[in-house]
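Thank you all for coming. I would like to spend a few minutes on three interfaces, taking each in turn, so please have the view open in front of you.

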There are 2 protein chains.
Amino acid sequence: MPKVTQQHMDARRKQILDAARRCFLRDGFHSTSMQDLFAEAQLSAGAVYRYFTSKDEMILAIAEENMRDVLDITVAVATNRQGRSMGEVMAELLDVIRVKAVEEDVAGLAVLVWGEAMRNRSLAHELDQLMGGIRANLVTLVREHQEDGGLPTNVTAEAIASTMLSVLPGYILQVALFDPAVVAEVPEAVRALWPAPAGER
Amino acid sequence: MPKVTQQHMDARRKQILDAARRCFLRDGFHSTSMQDLFAEAQLSAGAVYRYFTSKDEMILAIAEENMRDVLDITVAVATNRQGRSMGEVMAELLDVIRVKAVEEDVAGLAVLVWGEAMRNRSLAHELDQLMGGIRANLVTLVREHQEDGGLPTNVTAEAIASTMLSVLPGYILQVALFDPAVVAEVPEAVRALWPAPAGER
DNA sequence: CTCGTAAAAGGGAACGATCGTTTTATTGGC
DNA sequence: GCCAATAAAACGATCGTTCCCTTTTACGAG
(Lines give C-alpha, C1' and ligand atoms only; values in the text may rest on other atoms or scores of the structure.)
Protein backbone atom coordinates (compact mmCIF):
# COMPACT_ATOMS: atom_id res chain seq x y z
CA MET A 1 0.00 0.00 0.00
CA PRO A 2 1.95 3.01 -1.21
CA LYS A 3 1.57 6.14 0.85
CA VAL A 4 2.23 8.45 -2.06
CA THR A 5 0.94 8.52 -5.58
CA GLN A 6 2.80 7.09 -8.54
CA GLN A 7 3.21 10.53 -10.04
CA HIS A 8 4.88 11.74 -6.86
CA MET A 9 7.39 8.90 -7.13
CA ASP A 10 7.98 9.70 -10.78
CA ALA A 11 8.53 13.35 -9.89
CA ARG A 12 11.04 12.40 -7.18
CA ARG A 13 12.88 10.14 -9.56
CA LYS A 14 13.06 12.90 -12.14
CA GLN A 15 14.21 15.35 -9.47
CA ILE A 16 17.07 13.01 -8.56
CA LEU A 17 18.05 12.29 -12.15
CA ASP A 18 18.04 15.97 -13.06
CA ALA A 19 20.31 16.73 -10.13
CA ALA A 20 22.58 13.86 -11.11
CA ARG A 21 22.81 15.18 -14.66
CA ARG A 22 23.93 18.57 -13.41
CA CYS A 23 26.49 17.02 -11.06
CA PHE A 24 27.88 14.62 -13.65
CA LEU A 25 28.19 17.38 -16.24
CA ARG A 26 30.00 19.56 -13.74
CA ASP A 27 32.43 16.98 -12.32
CA GLY A 28 32.17 13.81 -14.38
CA PHE A 29 30.71 10.50 -13.24
CA HIS A 30 33.43 9.42 -10.84
CA SER A 31 34.41 12.77 -9.40
CA THR A 32 30.83 13.43 -8.38
CA SER A 33 30.31 12.19 -4.84
CA MET A 34 26.97 11.00 -3.60
CA GLN A 35 27.17 13.81 -1.05
CA ASP A 36 27.39 16.33 -3.89
CA LEU A 37 24.39 14.69 -5.46
CA PHE A 38 22.31 14.73 -2.27
CA ALA A 39 23.00 18.43 -1.91
CA GLU A 40 22.15 19.15 -5.55
CA ALA A 41 18.91 17.20 -5.31
CA GLN A 42 18.17 18.74 -1.90
CA LEU A 43 17.47 15.28 -0.54
CA SER A 44 19.02 13.01 2.03
CA ALA A 45 20.93 9.80 1.39
CA GLY A 46 18.00 7.69 2.51
CA ALA A 47 15.64 9.36 0.09
CA VAL A 48 17.92 8.93 -2.92
CA TYR A 49 18.71 5.31 -2.10
CA ARG A 50 15.01 4.57 -2.03
CA TYR A 51 14.88 5.28 -5.75
CA PHE A 52 18.27 3.99 -6.88
CA THR A 53 20.14 1.06 -5.40
CA SER A 54 23.60 2.34 -6.34
CA LYS A 55 25.55 5.11 -7.99
CA ASP A 56 26.28 2.88 -10.97
CA GLU A 57 22.56 2.43 -11.52
CA MET A 58 22.15 6.21 -11.71
CA ILE A 59 25.02 6.50 -14.15
CA LEU A 60 23.46 3.81 -16.30
CA ALA A 61 20.02 5.41 -16.17
CA ILE A 62 21.39 8.76 -17.28
CA ALA A 63 23.58 7.25 -19.96
CA GLU A 64 20.69 5.27 -21.40
CA GLU A 65 18.38 8.27 -21.31
CA ASN A 66 20.93 10.30 -23.25
CA MET A 67 21.43 7.58 -25.83
CA ARG A 68 17.66 7.33 -26.30
CA ASP A 69 17.52 11.11 -26.83
CA VAL A 70 20.22 10.98 -29.50
CA LEU A 71 18.55 8.10 -31.31
CA ASP A 72 15.19 9.85 -31.22
CA ILE A 73 16.74 12.95 -32.76
CA THR A 74 18.27 11.04 -35.65
CA VAL A 75 15.11 9.04 -36.31
CA ALA A 76 13.03 12.21 -36.40
CA VAL A 77 15.40 13.96 -38.80
CA ALA A 78 16.00 10.94 -41.03
CA THR A 79 12.29 10.18 -41.33
CA ASN A 80 11.41 13.66 -42.56
CA ARG A 81 13.37 13.44 -45.81
CA GLN A 82 10.91 14.58 -48.56
CA GLY A 83 13.31 15.00 -51.45
CA ARG A 84 16.08 16.76 -49.58
CA SER A 85 19.71 16.09 -50.43
CA MET A 86 21.90 13.98 -48.17
CA GLY A 87 23.77 17.11 -47.15
CA GLU A 88 20.56 18.85 -46.14
CA VAL A 89 19.49 15.95 -43.95
CA MET A 90 22.90 15.74 -42.27
CA ALA A 91 23.01 19.51 -41.79
CA GLU A 92 19.63 19.50 -40.08
CA LEU A 93 20.78 16.66 -37.87
CA LEU A 94 23.80 18.69 -36.78
CA ASP A 95 21.67 21.78 -36.17
CA VAL A 96 19.20 19.89 -34.01
CA ILE A 97 22.05 18.38 -32.02
CA ARG A 98 23.54 21.80 -31.44
CA VAL A 99 20.23 23.10 -30.13
CA LYS A 100 19.79 20.11 -27.85
CA ALA A 101 23.38 20.55 -26.70
CA VAL A 102 22.68 24.09 -25.58
CA GLU A 103 19.27 23.34 -24.06
CA GLU A 104 19.91 19.99 -22.38
CA ASP A 105 23.67 19.39 -22.62
CA VAL A 106 23.08 16.28 -24.70
CA ALA A 107 26.55 16.62 -26.21
CA GLY A 108 28.44 16.92 -22.93
CA LEU A 109 26.70 13.89 -21.52
CA ALA A 110 27.49 11.92 -24.66
CA VAL A 111 31.21 12.62 -24.24
CA LEU A 112 31.04 11.43 -20.64
CA VAL A 113 29.23 8.28 -21.73
CA TRP A 114 31.94 7.48 -24.29
CA GLY A 115 34.57 7.61 -21.60
CA GLU A 116 32.50 5.48 -19.28
CA ALA A 117 31.93 2.92 -22.02
CA MET A 118 35.70 2.40 -22.11
CA ARG A 119 35.53 0.60 -18.76
CA ASN A 120 31.98 -0.76 -18.89
CA ARG A 121 31.43 -3.44 -21.48
CA SER A 122 27.66 -3.51 -21.27
CA LEU A 123 27.50 0.24 -21.71
CA ALA A 124 29.85 -0.10 -24.67
CA HIS A 125 27.48 -2.67 -26.11
CA GLU A 126 24.52 -0.33 -25.71
CA LEU A 127 26.51 2.43 -27.36
CA ASP A 128 27.35 0.06 -30.20
CA GLN A 129 23.66 -0.66 -30.67
CA LEU A 130 22.84 3.05 -30.60
CA MET A 131 25.34 3.82 -33.34
CA GLY A 132 24.18 0.76 -35.24
CA GLY A 133 20.65 2.12 -35.09
CA ILE A 134 21.69 5.53 -36.37
CA ARG A 135 23.70 3.92 -39.13
CA ALA A 136 20.72 1.81 -40.18
CA ASN A 137 18.70 4.99 -40.61
CA LEU A 138 21.47 6.56 -42.65
CA VAL A 139 21.92 3.50 -44.85
CA THR A 140 18.42 3.73 -46.31
CA LEU A 141 18.92 7.44 -46.95
CA VAL A 142 22.28 6.85 -48.59
CA ARG A 143 20.83 4.13 -50.79
CA GLU A 144 18.14 6.50 -52.10
CA HIS A 145 20.70 9.17 -52.89
CA GLN A 146 22.98 6.67 -54.59
CA GLU A 147 20.08 5.78 -56.91
CA ASP A 148 19.35 9.37 -57.85
CA GLY A 149 23.03 10.08 -58.47
CA GLY A 150 23.68 12.25 -55.43
CA LEU A 151 26.26 9.89 -53.98
CA PRO A 152 28.92 7.60 -55.50
CA THR A 153 27.95 4.00 -56.22
CA ASN A 154 31.44 2.47 -56.33
CA VAL A 155 31.29 1.81 -52.57
CA THR A 156 28.53 0.27 -50.47
CA ALA A 157 25.77 2.31 -48.87
CA GLU A 158 26.92 0.92 -45.51
CA ALA A 159 30.40 2.34 -46.01
CA ILE A 160 29.11 5.81 -46.86
CA ALA A 161 26.63 5.69 -43.98
CA SER A 162 29.48 4.79 -41.61
CA THR A 163 31.37 7.84 -42.81
CA MET A 164 28.38 10.11 -42.31
CA LEU A 165 27.92 8.57 -38.87
CA SER A 166 31.54 9.33 -38.04
CA VAL A 167 30.91 13.05 -38.47
CA LEU A 168 28.48 13.10 -35.56
CA PRO A 169 30.83 12.34 -32.65
CA GLY A 170 33.35 14.88 -33.89
CA TYR A 171 30.66 17.52 -34.07
CA ILE A 172 29.28 16.54 -30.66
CA LEU A 173 32.75 16.59 -29.12
CA GLN A 174 33.45 20.11 -30.35
CA VAL A 175 30.05 21.44 -29.38
CA ALA A 176 30.45 19.97 -25.91
CA LEU A 177 33.98 21.18 -25.22
CA PHE A 178 34.67 24.27 -27.29
CA ASP A 179 33.18 27.52 -28.42
CA PRO A 180 30.22 26.58 -30.68
CA ALA A 181 31.54 29.08 -33.22
CA VAL A 182 34.25 26.54 -34.05
CA VAL A 183 31.74 24.25 -35.76
CA ALA A 184 29.16 26.86 -36.77
CA GLU A 185 30.04 26.48 -40.43
CA VAL A 186 30.00 22.69 -40.53
CA PRO A 187 26.30 22.25 -41.42
CA GLU A 188 26.76 24.66 -44.30
CA ALA A 189 29.81 22.75 -45.51
CA VAL A 190 27.97 19.44 -45.25
CA ARG A 191 25.23 20.83 -47.48
CA ALA A 192 27.83 21.90 -50.05
CA LEU A 193 29.71 18.60 -49.93
CA TRP A 194 26.67 16.41 -50.60
CA PRO A 195 24.21 18.48 -52.66
CA ALA A 196 21.31 17.17 -54.70
CA PRO A 197 22.42 15.83 -58.11
CA ALA A 198 22.52 18.41 -60.91
CA GLY A 199 19.46 16.99 -62.66
CA GLU A 200 17.21 17.45 -59.65
CA ARG A 201 18.21 20.93 -58.62
CA MET B 1 74.97 16.18 -7.63
CA PRO B 2 72.63 13.43 -8.89
CA LYS B 3 73.35 9.97 -7.55
CA VAL B 4 71.90 8.06 -10.49
CA THR B 5 72.29 8.64 -14.20
CA GLN B 6 69.85 10.70 -16.19
CA GLN B 7 68.98 7.77 -18.40
CA HIS B 8 68.07 5.72 -15.36
CA MET B 9 65.68 8.41 -14.26
CA ASP B 10 64.23 8.61 -17.77
CA ALA B 11 63.77 4.85 -17.82
CA ARG B 12 61.99 4.91 -14.46
CA ARG B 13 59.73 7.69 -15.61
CA LYS B 14 58.87 5.76 -18.74
CA GLN B 15 58.28 2.63 -16.68
CA ILE B 16 55.80 4.52 -14.52
CA LEU B 17 54.04 6.19 -17.44
CA ASP B 18 53.73 2.92 -19.35
CA ALA B 19 52.17 1.28 -16.31
CA ALA B 20 49.84 4.24 -15.88
CA ARG B 21 48.74 3.97 -19.51
CA ARG B 22 47.83 0.33 -19.05
CA CYS B 23 45.96 1.06 -15.82
CA PHE B 24 44.08 4.03 -17.23
CA LEU B 25 43.07 2.13 -20.35
CA ARG B 26 41.84 -0.76 -18.23
CA ASP B 27 39.91 1.20 -15.59
CA GLY B 28 39.75 4.85 -16.66
CA PHE B 29 41.55 7.73 -15.01
CA HIS B 30 39.52 7.99 -11.84
CA SER B 31 38.79 4.33 -11.21
CA THR B 32 42.48 3.54 -11.28
CA SER B 33 43.82 3.73 -7.75
CA MET B 34 47.40 4.65 -7.03
CA GLN B 35 47.74 1.23 -5.42
CA ASP B 36 46.77 -0.39 -8.74
CA LEU B 37 49.35 1.78 -10.42
CA PHE B 38 52.12 0.91 -7.93
CA ALA B 39 51.43 -2.78 -8.51
CA GLU B 40 51.36 -2.41 -12.29
CA ALA B 41 54.64 -0.47 -12.26
CA GLN B 42 56.11 -2.87 -9.69
CA LEU B 43 57.21 0.08 -7.61
CA SER B 44 56.34 1.47 -4.21
CA ALA B 45 54.42 4.62 -3.45
CA GLY B 46 57.62 6.38 -2.43
CA ALA B 47 59.28 5.59 -5.73
CA VAL B 48 56.40 6.79 -7.89
CA TYR B 49 55.90 9.99 -5.91
CA ARG B 50 59.55 10.81 -6.48
CA TYR B 51 58.79 11.21 -10.19
CA PHE B 52 55.28 12.65 -10.10
CA THR B 53 53.91 14.94 -7.45
CA SER B 54 50.29 13.87 -7.91
CA LYS B 55 47.94 11.60 -9.80
CA ASP B 56 46.60 14.55 -11.77
CA GLU B 57 50.11 15.27 -12.99
CA MET B 58 50.35 11.73 -14.35
CA ILE B 59 46.97 12.04 -16.05
CA LEU B 60 48.08 15.30 -17.63
CA ALA B 61 51.42 13.85 -18.76
CA ILE B 62 49.71 10.91 -20.45
CA ALA B 63 46.99 13.06 -22.00
CA GLU B 64 49.52 15.47 -23.45
CA GLU B 65 51.68 12.66 -24.79
CA ASN B 66 48.68 11.19 -26.57
CA MET B 67 47.66 14.52 -28.05
CA ARG B 68 51.21 15.04 -29.31
CA ASP B 69 51.09 11.60 -30.94
CA VAL B 70 47.85 12.38 -32.74
CA LEU B 71 49.10 15.73 -33.99
CA ASP B 72 52.34 14.14 -35.21
CA ILE B 73 50.35 11.58 -37.18
CA THR B 74 48.24 14.20 -38.93
CA VAL B 75 51.20 16.41 -39.73
CA ALA B 76 53.07 13.48 -41.23
CA VAL B 77 50.13 12.42 -43.40
CA ALA B 78 49.12 15.94 -44.45
CA THR B 79 52.66 16.89 -45.42
CA ASN B 80 53.07 13.96 -47.77
CA ARG B 81 50.40 15.02 -50.25
CA GLN B 82 52.05 14.83 -53.73
CA GLY B 83 49.01 15.15 -55.94
CA ARG B 84 46.71 12.84 -54.03
CA SER B 85 43.02 13.60 -53.74
CA MET B 86 41.53 14.89 -50.52
CA GLY B 87 39.84 11.51 -50.03
CA GLU B 88 43.13 9.67 -50.38
CA VAL B 89 44.82 11.86 -47.77
CA MET B 90 41.95 11.44 -45.31
CA ALA B 91 41.82 7.69 -45.95
CA GLU B 92 45.51 7.33 -45.18
CA LEU B 93 45.04 9.37 -42.03
CA LEU B 94 42.31 7.00 -40.87
CA ASP B 95 44.41 3.95 -41.72
CA VAL B 96 47.40 5.22 -39.76
CA ILE B 97 45.17 5.98 -36.79
CA ARG B 98 43.73 2.47 -36.90
CA VAL B 99 47.24 0.98 -36.86
CA LYS B 100 48.32 3.19 -33.96
CA ALA B 101 45.10 2.33 -32.16
CA VAL B 102 45.93 -1.37 -32.34
CA GLU B 103 49.62 -0.96 -31.52
CA GLU B 104 49.52 1.71 -28.83
CA ASP B 105 45.85 2.22 -27.97
CA VAL B 106 46.02 5.82 -29.13
CA ALA B 107 42.28 5.80 -29.80
CA GLY B 108 41.24 4.50 -26.39
CA LEU B 109 43.36 7.04 -24.62
CA ALA B 110 41.92 9.82 -26.77
CA VAL B 111 38.39 8.89 -25.70
CA LEU B 112 39.45 8.99 -22.05
CA VAL B 113 41.05 12.38 -22.60
CA TRP B 114 37.85 13.79 -24.08
CA GLY B 115 35.94 12.79 -21.00
CA GLU B 116 38.58 14.24 -18.72
CA ALA B 117 38.56 17.50 -20.66
CA MET B 118 34.91 17.88 -19.70
CA ARG B 119 35.93 18.64 -16.12
CA ASN B 120 39.38 20.11 -16.68
CA ARG B 121 39.37 23.44 -18.46
CA SER B 122 43.11 23.59 -19.11
CA LEU B 123 43.02 20.13 -20.65
CA ALA B 124 40.05 21.22 -22.73
CA HIS B 125 42.10 24.19 -23.90
CA GLU B 126 44.98 21.94 -24.91
CA LEU B 127 42.54 19.71 -26.77
CA ASP B 128 41.14 22.77 -28.51
CA GLN B 129 44.62 23.73 -29.62
CA LEU B 130 45.30 20.19 -30.83
CA MET B 131 42.20 20.16 -33.00
CA GLY B 132 42.97 23.68 -34.16
CA GLY B 133 46.39 22.46 -35.26
CA ILE B 134 44.94 19.54 -37.18
CA ARG B 135 42.36 21.81 -38.79
CA ALA B 136 45.08 24.24 -39.86
CA ASN B 137 46.82 21.41 -41.69
CA LEU B 138 43.58 20.39 -43.35
CA VAL B 139 42.71 23.94 -44.40
CA THR B 140 45.75 24.27 -46.67
CA LEU B 141 44.96 20.90 -48.22
CA VAL B 142 41.33 21.80 -48.75
CA ARG B 143 42.29 25.10 -50.36
CA GLU B 144 44.48 23.31 -52.90
CA HIS B 145 41.70 20.90 -53.79
CA GLN B 146 39.18 23.69 -54.08
CA GLU B 147 41.45 25.32 -56.66
CA ASP B 148 41.80 22.18 -58.76
CA GLY B 149 38.05 21.55 -58.65
CA GLY B 150 38.09 18.57 -56.31
CA LEU B 151 36.04 20.32 -53.64
CA PRO B 152 33.17 22.85 -53.74
CA THR B 153 34.07 26.52 -53.60
CA ASN B 154 30.73 27.89 -52.41
CA VAL B 155 31.81 27.43 -48.78
CA THR B 156 35.06 28.40 -47.07
CA ALA B 157 38.05 26.10 -46.84
CA GLU B 158 37.81 26.40 -43.06
CA ALA B 159 34.25 25.07 -43.07
CA ILE B 160 35.18 22.05 -45.18
CA ALA B 161 38.27 21.41 -43.08
CA SER B 162 36.13 21.48 -39.94
CA THR B 163 33.89 18.86 -41.47
CA MET B 164 36.84 16.63 -42.39
CA LEU B 165 38.16 17.13 -38.88
CA SER B 166 34.83 16.04 -37.46
CA VAL B 167 35.21 12.63 -39.07
CA LEU B 168 38.27 11.81 -36.98
CA PRO B 169 36.71 11.61 -33.49
CA GLY B 170 33.87 9.45 -34.77
CA TYR B 171 36.35 7.07 -36.36
CA ILE B 172 38.55 7.06 -33.24
CA LEU B 173 35.55 6.44 -31.00
CA GLN B 174 34.44 3.43 -33.00
CA VAL B 175 37.94 1.98 -33.30
CA ALA B 176 38.44 2.36 -29.56
CA LEU B 177 35.14 0.88 -28.42
CA PHE B 178 33.86 -1.50 -31.06
CA ASP B 179 34.91 -4.21 -33.43
CA PRO B 180 37.28 -2.54 -35.94
CA ALA B 181 35.30 -4.25 -38.70
CA VAL B 182 32.55 -1.69 -38.09
CA VAL B 183 34.65 1.09 -39.62
CA ALA B 184 36.81 -1.01 -41.93
CA GLU B 185 35.08 0.37 -45.00
CA VAL B 186 35.23 4.02 -44.00
CA PRO B 187 38.62 4.85 -45.58
CA GLU B 188 37.38 3.36 -48.84
CA ALA B 189 34.19 5.42 -48.67
CA VAL B 190 36.17 8.59 -47.91
CA ARG B 191 38.21 8.01 -51.06
CA ALA B 192 35.02 7.63 -53.09
CA LEU B 193 33.35 10.68 -51.56
CA TRP B 194 36.21 13.09 -52.29
CA PRO B 195 38.02 11.79 -55.39
CA ALA B 196 40.37 13.74 -57.61
CA PRO B 197 38.51 15.97 -60.11
CA ALA B 198 37.61 14.30 -63.40
CA GLY B 199 40.23 16.19 -65.38
CA GLU B 200 43.13 14.97 -63.25
CA ARG B 201 42.23 11.30 -63.00
C1' DC C 1 91.31 -0.62 -7.27
C1' DT C 2 88.93 -0.28 -2.78
C1' DC C 3 86.52 1.58 0.49
C1' DG C 4 83.84 5.38 3.12
C1' DT C 5 80.48 8.57 2.82
C1' DA C 6 76.83 11.69 1.60
C1' DA C 7 72.81 11.86 -0.68
C1' DA C 8 69.37 10.29 -3.56
C1' DA C 9 66.09 6.40 -4.53
C1' DG C 10 63.05 3.18 -3.01
C1' DG C 11 59.92 0.59 0.25
C1' DG C 12 55.95 0.34 2.82
C1' DA C 13 53.32 1.37 6.83
C1' DA C 14 50.34 4.88 8.25
C1' DC C 15 47.71 9.18 7.73
C1' DG C 16 43.46 11.93 7.56
C1' DA C 17 39.90 12.52 4.37
C1' DT C 18 36.34 11.03 1.86
C1' DC C 19 34.11 7.47 -0.60
C1' DG C 20 29.43 4.77 -1.38
C1' DT C 21 26.33 2.69 1.42
C1' DT C 22 23.67 1.14 5.59
C1' DT C 23 21.45 1.76 9.83
C1' DT C 24 18.91 4.17 13.04
C1' DA C 25 15.81 7.70 14.58
C1' DT C 26 12.12 10.81 13.62
C1' DT C 27 8.52 12.78 11.05
C1' DG C 28 3.93 13.19 9.20
C1' DG C 29 -0.22 11.55 6.56
C1' DC C 30 -3.97 8.15 6.77
C1' DG D 1 -1.03 4.03 16.06
C1' DC D 2 0.77 2.21 12.02
C1' DC D 3 3.85 2.56 8.25
C1' DA D 4 5.95 4.67 4.38
C1' DA D 5 9.09 8.60 3.80
C1' DT D 6 12.76 11.16 5.06
C1' DA D 7 16.74 12.86 7.62
C1' DA D 8 21.01 12.27 9.72
C1' DA D 9 24.54 9.88 11.85
C1' DA D 10 27.66 6.29 11.33
C1' DC D 11 29.85 2.46 8.90
C1' DG D 12 33.92 0.02 6.97
C1' DA D 13 36.56 0.46 2.95
C1' DT D 14 39.50 2.72 0.21
C1' DC D 15 41.22 6.88 -1.56
C1' DG D 16 45.62 9.90 -2.64
C1' DT D 17 49.40 11.21 -0.23
C1' DT D 18 53.08 11.61 3.31
C1' DC D 19 56.52 10.18 6.38
C1' DC D 20 60.29 7.67 7.92
C1' DC D 21 63.34 4.16 7.46
C1' DT D 22 66.41 1.21 4.62
C1' DT D 23 68.94 0.33 0.44
C1' DT D 24 71.48 1.65 -3.40
C1' DT D 25 74.25 4.73 -5.91
C1' DA D 26 78.09 7.77 -7.50
C1' DC D 27 82.31 9.51 -6.44
C1' DG D 28 86.44 11.23 -4.08
C1' DA D 29 90.32 9.84 -0.94
C1' DG D 30 93.86 6.75 0.05
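Let me begin with a question: which residue forms a salt bridge with R21(A), and how far apart are the closest N and O atoms? Please keep in mind throughout that this is a predicted model. The partner is E65(A), and the closest N and O atoms of the pair are 3.7 Å apart.

To place that pair, I turn to the domain assignment of chain A, which gives domain 1 as residues 1–53 and domain 2 as residues 55–200. The centres of these two domains, taken over C-alpha atoms, are separated by 30 Å, and their contact takes 17 residues from domain 1 of chain A and 16 from domain 2 of chain A. About 1,600 Å² is buried between the two domains, with carbon and sulfur atoms giving 70% of that area. On the domain 1 side, R21(A), L25(A) and F29(A) lose the most area to domain 2, and together they make up 44% of what that side buries. R21(A) therefore appears twice in this account, both among the residues that lose the most area and in a salt bridge, as a side-chain nitrogen of Arg within 4 Å of a carboxyl oxygen of Glu is what the term requires.

Across this domain interface the rule finds one salt bridge, together with six residue pairs in polar contact, both residues being at pLDDT 80 or more. Helix 1 (6–27), helix 2 and helix 3 of chain A each supply at least two residues of the domain 1 side, and helix 1 of chain A gives the most, with seven residues. By residue class, that side divides into eleven nonpolar, four polar and two charged residues.

Now to the interface of the two chains. The contact takes 49 residues from chain B and 49 residues from chain A, and the area buried between them is about 3,900 Å², of which carbon and sulfur atoms give 72%. In chain B, the residues that lose the most area to chain A are M118(B), F178(B) and L193(B), which together account for 16% of what that side buries. How many salt bridges are counted between chain B and chain A? The count is zero, although the rule does find seven residue pairs in polar contact across this interface, again with both residues at pLDDT 80 or more. Helix 8 of chain B gives the most to the side of chain B that touches chain A, with 15 residues, and that side divides into 29 nonpolar, twelve polar and eight charged residues.

Finally, the DNA. Strand C is surrounded by 23 residues, and the closest are M34(A), Y49(A), K55(A), R12(B) and S44(B); sugar and phosphate account for 56% of the strand's atoms that come within 4 Å of the protein. A phosphate oxygen of strand C is 2.7 Å from a polar backbone atom of M34(A), and a phosphate oxygen is 2.5 Å from an N or O atom in the side chain of R12(B). For the bases, I would point to G46(B), where a polar backbone atom is 3.1 Å from a base oxygen of strand C. The largest share of the surface near strand C, five residues, comes from helix 3 of chain B, and the residues of that surface divide into eleven nonpolar, seven polar and five charged.

Key. Residues are numbered from 1 along each chain as its sequence is written. Chains are lettered from A and ligands numbered from 1 in the order in which they are written. Side-chain values use heavy atoms; hydrogens and water are left out. A residue is near a molecule or strand if one of its heavy atoms lies within 4 Å of it. A polar contact is a pair of N or O atoms within 3.5 Å; within protein, one must be able to donate a hydrogen and the other to accept it, and residues adjacent in sequence count only if both atoms are side-chain atoms. Helices (H or I, at least four residues) and strands (E, at least two) are DSSP runs, numbered from the N terminus. Ala, Val, Leu, Ile, Met, Phe, Trp, Tyr, Cys and Pro count as nonpolar, Asp, Glu, Lys and Arg as charged, and the others, Gly among them, as polar. Contact means heavy atoms within 4.5 Å. Buried area is the accessible area (1.4 Å probe) that two parts lose on being put together, summed over both. Domain bounds come from an automatic or database domain assignment.
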